[in-house]
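This report is a first walk through one protein model. It takes the core, the pockets, two loop residues and one helix in turn.

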Amino acid sequence: MPSTTPSPAPVTTALAPDLLAHFVVKTARPTEMIEWYSTVLGAHVVHEDDQIAFITWDDESHRLALVKVPSVLRYLFPLARFRRKVYGVDHLAFTYNSLEPLLLNYERLAAAGITPVWSINHGPTTSLYYEDPDGIRLEFQTENFPTPEATAEFFSSREFEANPIGVTIDPSYLLERLRDGAATESLLRRDAGVRPGTRPRVNKRAITLRTL
């Protein structure tokens, strides 16, 4: 007699997806966008035609789809890249498992002329923000605490309450200290990336027209 699979029972709580698969961008700069993501993330094209390009940088079939729109749109909407500063999705965040690859990738990109628009130690994370040719912002971060519980504890601290935004940092200085043998744990403190003799921007002062 054939076996039967029990019918799934209804659920009353949300069922979160297992993974974030990809994102899609409509762009009038497909060539520039492909080149930027190839440089920044090591992406490669898996399919491209006159209407769309699919690219990936890991084992997923595609992580980003670029829908090609007429180039004239960049002139019809000259301020479109600034929309995220006031409305809509602000940025996408990518995590490195440790500080070292975050800083080594910073160095590699700086040599290619691609630098962060914002470098900051938020407290929970050390974060470098970049913008692609269309103004889409990507955050590359590493966790500053070893466990989610420790991060949650910091979110509840008086230090975070007093400064929920963080302290601006110099990634080059952090990399210098790392290569000089400083312990990684010490480099994750909020003030670790402040080069001596400089004055960082702290909390709301860290938000400027460029970093917004």
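## Core

In this predicted model, the largest nonpolar core is made of 30 residues, and those with the most contacts inside it are Trp36, Tyr37, Val40, Leu64, Leu66, Tyr130 and Phe140. Two or more residues of this core come from each of these elements: strands S1 (23-27), S3 (52-56), S4 (64-68), S7 (125-131) and S8 (137-143), together with helices H1 (30-41), H3 (99-111) and H6 (171-179). H1 gives the largest share, six residues.

Leu66 shows what surrounds a residue of this core. Neighbours within four places in sequence left aside, Leu66 is in contact with Val25, Thr27, Pro30, Met33, Ile34, Gln51, Ile52 and Ala53. Another core lies apart from the largest one; it has six residues, among them Trp118, Tyr129, Ile165 and Ala206.

## The protein as a whole

The protein has seven helices and nine strands. Its C-alpha atoms fill a box of roughly 70 × 55 × 35 Å along the principal axes. Of its 212 residues, 38% count as buried. Among contacts with a separation of 6 or more, 59% are between residues 24 or more positions apart.

## Pockets

The two pockets described here are the largest and the second largest. The table gives the volume of each, the classes of the lining residues and the element that gives the most to the lining.

| Pocket | Volume | Lining by class | Element giving the most |
|---|---|---|---|
| Largest pocket | about 790 Å³ | 12 nonpolar, four polar and nine charged residues | S1, four residues |
| Second largest pocket | about 230 Å³ | seven nonpolar, two polar and two charged residues | S5, four residues |

The largest pocket has 25 lining residues, and Lys26, Ala80, Arg81, Asp134 and Ile136 are the ones that lie nearest its centre. S1, helix H2 (73-76) and strand S5 (91-96) are the elements that give two or more residues to this lining.

Around the second largest pocket, the lining consists of Leu20, Ala21, His22, Phe23, Trp57, Asp58, Arg63, Leu92, Ala93, Phe94 and Thr95.

## Two residues in loops

Asn144 is found in the loop between S8 and helix H4 (148-155). Is Asn144 buried or exposed? Its relative accessibility is 10%, so Asn144 counts as buried. The side chain of Asn144 makes a polar contact with the side chain of Asn121 at 3.1 Å, and another with the side chain of Thr126 at 2.8 Å. Leaving aside neighbours within four places in sequence, the residues in contact with Asn144 are Asn121, Gly123, Pro124, Thr125, Thr126 and Leu188. Asn144 can also be set against Leu187: 43 residues separate the two in sequence, while their C-alpha atoms are 9.0 Å apart in space.

His122 has its place in the loop between strand S6 (118-121) and S7. His122 counts as buried because its relative accessible area is 13%, and the cut-off for buried is under 20%. With neighbours within four places in sequence left aside, His122 is in contact with Ser127, Tyr129, Glu139, Phe160, Pro164, Ile165, Gly166 and Arg190. Tyr129 and Ile165, both in contact with His122, are also among the residues of the six-residue core.

## Helix H6

H6, one of the elements that give two or more residues to the largest core, has these buried residues: Pro171, Tyr173, Leu174, Leu175 and Leu178. An α-helix has 3.6 residues a turn, so residues three or four places apart point the same way. Which elements do the buried residues of H6 pack against? They pack against H3, S6, S7 and helix H7 (184-187).

The N-terminal end of H6 is capped by Asp170, which has a side-chain oxygen 2.9 Å from the backbone nitrogen of Ser172. After H6 comes Gly181, and the phi of Gly181 is positive, near 100 degrees.

Key: Residues are numbered from 1 along each chain as its sequence is written. This is a predicted model: local features need pLDDT of at least 70, side-chain atom pairs count only at pLDDT 80 or more; totals for chains, interfaces and linings use all residues. Side-chain values use heavy atoms; hydrogens and water are left out. A nonpolar core is a set of buried Ala, Val, Leu, Ile, Met, Phe, Trp, Tyr and Cys residues joined through side-chain atoms within 4.5 Å. Buried means under 20% relative accessible area, exposed over 50%, partly exposed in between (1.4 Å probe, protein chains only). Contact means heavy atoms within 4.5 Å. On a 1 Å grid over the protein atoms alone, a cavity is a set of points where a 1.4 Å probe fits but cannot get out, and a pocket is an open set with protein on both sides within 12 Å along at least five of seven lines; lining residues have an atom within 4 Å of a point. Grid points are joined across faces, edges and corners, and a volume is the space filled by probe spheres set on the points. Ala, Val, Leu, Ile, Met, Phe, Trp, Tyr, Cys and Pro count as nonpolar, Asp, Glu, Lys and Arg as charged, and the others, Gly among them, as polar. A polar contact is a pair of N or O atoms within 3.5 Å; within protein, one must be able to donate a hydrogen and the other to accept it, and residues adjacent in sequence count only if both atoms are side-chain atoms.
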